[in-house]
2 protein chains.
Amino acid sequence: MVSKRAIRGDTRARIVAAAAEEFARCGFDGAKVDRIAARAAVNKAMLYYHFANKAALYRDILRTMFATVAAAVDSLRESGASPQAQLAAFIAAVNDTALTHPHFPPMWLREIADGGRHLDDAIVREMSSVVSTLAGILSLGAQRGDFRPVHPFIVQLGIVGPLLLFAASAPIRERYRDRTPQQIGSIPREAVVAQVQSMTLAGLRPEPAHPVRRRR
Amino acid sequence: MVSKRAIRGDTRARIVAAAAEEFARCGFDGAKVDRIAARAAVNKAMLYYHFANKAALYRDILRTMFATVAAAVDSLRESGASPQAQLAAFIAAVNDTALTHPHFPPMWLREIADGGRHLDDAIVREMSSVVSTLAGILSLGAQRGDFRPVHPFIVQLGIVGPLLLFAASAPIRERYRDRTPQQIGSIPREAVVAQVQSMTLAGLRPEPAHPVRRRR
DNA sequence: GTCTATATTTTGATAGAC
DNA sequence: GTCTATCAAAATATAGAC
């Protein structure tokens, strides 16, 4: 039962959209309920009519976020393509999602930094679904002898880490475009994706790629 | 002139230490001045005697943080070792710093997610110093024909991204140790560092490592 | 340098009419 | 479902004595 909303704006959806932007920009504690309501052009009391409290609203968005990534990544497993191609597609899918949902990267980073303060079991299930999908690709590649065995979560870090940092650092790079060397301001995202793809694939090749250690 | 502190506790240092922990755990907005003062066993008014306000205290810590990383990374350039070895040492140095200063990773992630809200020019200088050091290693390798030319910042993302995520996600992995598949709880950090090293080096090899693209 | 007491503002949340 | 008015609890910051 959906009651009788959706006559034009669907307030609930507007609240969620405004909240996602606010949470991404300010974090959970920095986000202000008044600002969310204002941005959604909704009365603050209305917000509390739809959601029990700020935390419930936040969790709802987090859940959607990870479910979106999980679904995007899961869909490409059916292609039956080679492990290499599937892995590249996995990386592209994560990047696409970050592109089409610009608030995901900051929220993801923040939730990690927060020690997962607002995670519930449902959200964690979605998160680990992403890793499981990756694990499937990796074990397929290992079976075929294309990949050497590596812990899926480590590979996940190598993929998600750079992509999240790149996406989330856009405002900083833009602001300090000229005040920094190395033209950090003008890096095409395609170059980042391509580099993550080639780095990940190269790092998975069966022949150990001369790892060196060093302590100062 | 250092006045006459340091008789035993050095209040200022205690404030900074307590604040670093609080900022790492809660973020700028989540961090409470009362809690910082309490944790430092210092009166709250004392805190405002040493620092103009919460933001100034925060910036002071950020500055130290990036200066520490910049120094650690810079020192290993003098070794005159091979580009490969220097790069591996760079990665190890970043990891070591994250290990010895556990509040750095969350703070770093948060500042990125925050869009660099609290950065000032001095801090940005330290940050770009790290990238410059990496750029030096990369261009040395490129001169010798050991590395193919890649934008330093992209390589930086590939190094710092995984390491920060791994370090900062420790509490989450610990909490959901058994509720998740893939034994995410028990991954040795050495494995992560080794994988980042081999992935980075492999991704820099002159021969292009069959990059694949894909859009769903 | 250190503490007590307090001013001021902000903010999450609710009561209750329509 | 929607809005007005408002409460109560933080939380940043300061004044001013010692």
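Within chain A of this predicted model, 15 residues of domain 1 touch eleven residues of domain 2. The domain assignment puts domain 1 at 1-51 and domain 2 at 55-203, and their centres, taken over C-alpha atoms, sit 27 Å apart. Together the two domains of chain A bury about 1,100 Å², with carbon and sulfur atoms giving 73% of that area. On the domain 1 side, Phe23(A), Ala24(A) and Phe28(A) lose the most area to domain 2, together making up 47% of what that side buries.

There is some polar chemistry here too: two salt bridges link domain 1 and domain 2 of chain A. Asp29(A) and Arg117(A) pair up in a salt bridge, at 2.8 Å from N to O. Two residue pairs are in polar contact between these domains. Helix 1 of chain A gives the most to the domain 1 side, with twelve residues, and that side breaks down into eleven nonpolar, one polar and three charged residues.

Turning to the chain A–chain B interface, 75 residues of chain A and 77 residues of chain B take part in the contact. The two chains bury about 6,600 Å² between them, 66% of it on carbon and sulfur atoms. Four salt bridges cross this interface. Arg110(A) bridges to Asp114(B), with the closest N and O atoms 2.0 Å apart. Polar contacts between the chains come to 16 residue pairs. Several helices of chain A each bring at least two residues to the side touching chain B, among them helix 1 (11-30) and helix 7 (121-144). Helix 8 of chain A gives the most, twelve residues. By class, that side of chain A holds 37 nonpolar, 20 polar and 18 charged residues.

Terms used:
Residues are numbered from 1 along each chain as its sequence is written. Chains are lettered from A and ligands numbered from 1 in the order in which they are written. This is a predicted model: local features need pLDDT of at least 70, side-chain atom pairs count only at pLDDT 80 or more; totals for chains, interfaces and linings use all residues. Side-chain values use heavy atoms; hydrogens and water are left out. Contact means heavy atoms within 4.5 Å. Buried area is the accessible area (1.4 Å probe) that two parts lose on being put together, summed over both. A salt bridge is a side-chain nitrogen of Lys or Arg within 4 Å of a carboxyl oxygen of Asp or Glu. A polar contact is a pair of N or O atoms within 3.5 Å; within protein, one must be able to donate a hydrogen and the other to accept it, and residues adjacent in sequence count only if both atoms are side-chain atoms. Helices (H or I, at least four residues) and strands (E, at least two) are DSSP runs, numbered from the N terminus. Ala, Val, Leu, Ile, Met, Phe, Trp, Tyr, Cys and Pro count as nonpolar, Asp, Glu, Lys and Arg as charged, and the others, Gly among them, as polar. Domain bounds come from an automatic or database domain assignment.
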